[in-house]
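Hi,

Here's the structure I said I'd pass on. Have a look at it first, then read my notes underneath.

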Amino acid sequence: MEEMKLESILLPGIDPKRPIVIAGPCSAESEEQVLTTAHQLASKGIKIFRAGIWKPRTKPGGFEGIGVIGLPWLKKVKEETGMYVATEVATKDHVFEALKAGVDILWIGARTTVNPFAVQEVADALKGVDIPVLIKNPVNPDLELWIGAFQRLYRAGIKRLGAIHRGFSSYDKKIYRNLPLWHIPIELRRRMPDLPIFCDPSHIGGKRELIAPLSQQAMDLSFDGLIIESHCNPDAAWSDAAQQITPDILDYVLNLLVVRDSNQSTENLSELRRQIDNVDEQLLELLAKRMRISREIGIYKKEHNMPILQSPRYSEILEKRSDMGKQMDLNPDFIKDILKEIHEESVRQQMVIMNENN
Ligand code: PEP
Ligand code: MN
């Protein structure tokens with residue numbers, strides 16, 4: 001991967017102490033709503049204000065954002081509160097308007113990150129501009145697409161980049177509006193260690209009650225910041241009403257967060273890590289052994305002209321092992337997922353054997 005040399009400070013004067021908080025309404029609705037919310041947030045010590053001016057909506061006909069007439073309201077927020085202001089951009093026109101109005105931070109929304117043409121358009125419009133840009137994960141769980149968006153902005157000269165993890169849409173919704181799939185931002189951190197990562201518990205949870213636990217999880221996973229939707233009158237919000245909280249509640253949630261020092265490494269921790277290293281080694285050895293046996297089975301099947309996939313056997317493995325896992329206090333779904341992956345790799349290896357022409 002091309003190396004990106006990012007600037008470490010997103011915004012001058014913003015304490016990099018975790019969490020860096022961005023808060024504000026999903027959408028700018030009226031001058032009064034924007035300024036009331038902004039003043040309440042500023043009085044709680046919030047330094048970065050968000051508000052959507054252009055709103056990407058799933059279906060036409062809903063509130064699609066107040067548009068350019070809302071930009072002077074953001075300017076007023078800056079003048080009256082001293083906060084930095086952030087808004088979403090999806091086209092070159094959005095970029096020009098936002099820059100003209102003095103918006104300090106831009107973010108690219110989840111529905112835009114999925115589209116390389118749109119991301120490139122935003123990147124091209126930003127050539128030669130020095131402004132921080134936060135990129136939300138694409139709605140689909142595709143880390144490479146997310147990283148590709150960072151590369152497009154970086155190549156356009158943007159050196160102050162940040163990621164926003166807002167969860168991934170899925171067909172069957174359960175607890176979350178968007179599944180967190182934490183391993184994806186964790187992998188992003190491994191691939192781009194200097195990139196600050198924000199969590200958006202509002203869009204992941206879709207409900208007010210989930211904002212506090214998701215924020216805590218993000219802190220426990222060493223995220224750098226939080227972007228939280230906050231509205232002076234959440235029930236009356238024109239978009240995403242169920243997931244917004246008042247500035248008062250936000251303050252309460254932030255005060256309850258336990259933020260542990262991510263660099264602290266105690267003796268006990270290194271001992272436990274050694275144990276984990278050891279167990280991982282054993283797991284790998286066992287996996288290698290299992291694959292060896294599986295290849296032997298492949299040879300047998302080839303010699304006896306049998307098909308690779310034998311569904312009853314596969315179902316039996318899944319059922320028996322997940323029952324066994326349950327008795328060992330292991331989450332049966334987790335066990336099933338692992339076994340599916342292992343089985344897929346076994347099948348792949350047996351296919352190689354089947355197709356060898358000897
Ligand atoms: C938003 O931040 O209000 C928004 C539209 O988010 P997302 O792009 O994550 O859906
Ligand atoms: Mn929203």
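Below is what turned up, starting with the sheet and ending with two residues in and beside a helix.

Bear in mind that this is a predicted model.

The barrel: eight strands close up in the order β1-β2-β3-β4-β5-β6-β7-β8, with parallel pairing. On average, neighbouring strands in this sheet are turned by 25 degrees against each other, ignoring direction. If you want one pairing to zoom in on, try β1 (residues 20–24) and β2 (residues 48–50), which run parallel and are joined by two bridges. There you'll find Ile22 opposite Ile48 in β2.

Helices on the strands: α2 (residues 71–81) lies across β2 and β3 (84–88), and runs at about 160 degrees to β3. Further along, α6 (residues 143–155) lies across β4 (105–108), β5 (133–136) and β6 (161–165), at about 155 degrees to β6.

The surface: there's a nonpolar patch of about 470 Å², made by Met324, Met328, Leu330, Phe334 and Ile338. Met328 sits in the loop between α12 (311–327) and α13 (332–355). Its relative accessibility is 56%, so Met328 counts as exposed, the cut-off being over 50%.

And is Ser346, by contrast, buried or exposed? This residue is in helix α13, and its relative accessible area is just 5%, so Ser346 is buried. Leaving out residues up to four places away in sequence, Ser346 touches Arg290, Met291 and Ser294.

Cheers

Methods: Residues are numbered from 1 along each chain as its sequence is written. Chains are lettered from A and ligands numbered from 1 in the order in which they are written. This is a predicted model: local features need pLDDT of at least 70, side-chain atom pairs count only at pLDDT 80 or more; totals for chains, interfaces and linings use all residues. Side-chain values use heavy atoms; hydrogens and water are left out. Two strands pair if DSSP finds at least two bridges between them. Helices (H or I, at least four residues) and strands (E, at least two) are DSSP runs, numbered from the N terminus. Axes are lines fitted to C-alpha atoms, for helices over the stretch in contact, and angles run from 0 to 180 degrees between N-to-C directions. Contact means heavy atoms within 4.5 Å. Patches are made of residues with over 30% relative accessible area and no salt bridge: like charges are joined within 9 Å, nonpolar side chains (Val, Leu, Ile, Met, Phe, Trp, Tyr) within 5 Å. Accessible areas come from the Shrake-Rupley method with a 1.4 Å probe; for residues, only the protein chains shown count as cover. A salt bridge is a side-chain nitrogen of Lys or Arg within 4 Å of a carboxyl oxygen of Asp or Glu. Buried means under 20% relative accessible area, exposed over 50%, partly exposed in between (1.4 Å probe, protein chains only).
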